[in-house]
Structures are given as C-alpha cells and as structure tokens.
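Here is a short report on one protein chain. Look at the sequence and the structure first, then read on.

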Amino acid sequence: QVQLVESGGGLVQPGGSLRLSCAASGTIFSVDVMGWYRQAPGKQRHLVATITSGGSTNYADSVKGRFTISGDNAKNTVYLQMNSLKPEDTAVYYCYATVTTTRATVYNYWGQGTQVTVSS
C-alpha cells in the first residue's frame, strides 16, 4: 500500500502565500509523477500542477507565474509554493502520485485533501 500525506493548507488573505507539501510512503519502487489537483465547492476536480521524476513540470494556465511545483525524489515528496493567492484559488487541494510499486505494478494514488481558503 501507498499513502500520501499532505500538509500546509489554511486560511490566507488575498495576495498572500502558502506552501503545500505531500509525502508518499509505503511499498514504493519509484514515484513517476506527483502533482496537485484542486476542487472548489460544486465544481469538478482540476489539475493545478504536476512534476515528473525527471523534473518536467506542467501547470494550469490559471496558476502559471504564481505557483511553483518542486519535488524531492529522495524523500518522495512534492511541494507547491503558492504566491499571489486569489479568492478563486479557494478549494480543497489533493496530492496525486503515479507510483510503481515493489510488485512492479503502476497505480495512481490520492491524498486526503487539504483546504486552502483565500479570503479577507
């Protein structure tokens, strides 16, 4: 089994910053992709940013220039630095990982979600 544990959400004023972290643990052979999705109330879950084990990144247009995703392969951890936050960034943020397990199977895993609220 693989677990993803997120941290770093909270309440912040518009224009502020937050940093999310997500650590993967368990029967991991390799973590191939990690990333973040978010889901606002009444809306579908959408991609925010992803990073591959090789360091390639992908961002939603709505967060380009404001959010930065980074990873620590040795720790199987991904970070999301969020700057210049806007009220429309308010959502539950979910960590995501594509993992090759020690049994050579490939699965997608999700964290439990962390709330980010941007409000004055």
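## The S9–S10 hairpin

Strands S9 and S10 form a hairpin, with 4 residues between them. Alanine 104 sits in the turn and has a positive phi of about 65°. This is a predicted model, so the values here are computed from predicted coordinates.

The two strands of the hairpin run antiparallel. 5 bridges join S9 to strand S10, which spans residues 106-110. To find the pairing by eye, start at threonine 100: valine 106 in S10 stands opposite.

## The four-stranded sheet

4 strands form an open sheet. Their order is S1-S3-S8-S7, and the pairing is antiparallel. The edges are strand S1 (2-7) and strand S7 (67-72), each of which pairs on one side only. From one strand to the next, the twist averages 15°.

Take the S7 edge in detail. 6 bridges join S7 to strand S8 (residues 77-82), and the two run antiparallel. Within this pairing, glycine 71 stands opposite valine 78 in S8. In a regular strand, side chains alternate between the two faces of the sheet.

## The disulfide

How many disulfides are there? The count comes to 1 disulfide. Cysteine 22 and cysteine 95 form it, with their sulfur atoms 2.0 Å apart. The bond links distant parts of the chain: cysteine 22 lies in strand S3 (residues 18-26) and cysteine 95 in strand S9 (residues 91-101), 73 residues apart. A disulfide is a covalent bond between the sulfur atoms of two cysteines.

Is this pair, cysteine 22 and cysteine 95, buried or exposed? Both cysteines are buried. The torsion about the S-S bond of cysteine 22 and cysteine 95 is about -85°, so the disulfide is left-handed.

## Salt bridges

The count comes to 3 salt bridges. Side chains of opposite charge can pair when their charged atoms come close. Two of the bridges share aspartate 89, and Arg38, Arg66 and Asp89 are linked in a network.

Arginine 38 pairs with aspartate 89, the closest N and O atoms being 2.9 Å apart. Arginine 38 is in strand S4 (residues 28-39), while aspartate 89 is in the loop between S8 and S9, 51 residues apart. Arginine 38 and aspartate 89 are both buried. Arginine 66 also forms a salt bridge with aspartate 89, with closest N and O atoms 2.7 Å apart. This pair too links distant parts of the chain: arginine 66 is in the loop between strand S6 (57-59) and S7, 23 residues from aspartate 89. Arginine 66 is buried, as is aspartate 89.

The other salt bridge joins aspartate 61 to lysine 64, with the closest N and O atoms 3.1 Å apart. Where does aspartate 61 stand, buried or exposed? Aspartate 61 has a relative accessible area of 64%, and the cut-off for exposed is over 50%, so aspartate 61 is exposed.

## The largest pocket

What is the volume of the largest pocket? The volume is about 210 Å³. The lining includes Arg38, Gln39, Ala40, Lys43, Gln44 and His46. Leu47, Ala60, Ser62, Glu88, Thr90 and Ala91 are also lining residues.

Which strands supply at least two residues of this lining? S4 and strand S5 (46-52) each do. Arg38 is thus a point to inspect twice, because Arg38 lines the largest pocket and is linked with Arg66 and Asp89 in the network of salt bridges.

Note on methods:
Residues numbered from 1 in each chain as written. Predicted model: local features only at pLDDT ≥ 70, side-chain atom pairs only at ≥ 80, totals over all residues. Heavy atoms only, no water. Pairing = 2+ DSSP bridges. Axes fitted to C-alpha atoms, helices over the stretch in contact; angles between N-to-C directions. Disulfide = S-S within 2.5 Å. Buried < 20%, exposed > 50% of the residue type's maximum accessible area, 1.4 Å probe, protein only. Salt bridge = Lys/Arg side-chain N within 4 Å of Asp/Glu carboxyl O. 1 Å grid on protein atoms, 1.4 Å probe; cavity = no way out; pocket = protein on both sides within 12 Å on 5 of 7 lines; lining within 4 Å. Points joined across faces, edges and corners; volume = space filled by probe spheres on them.
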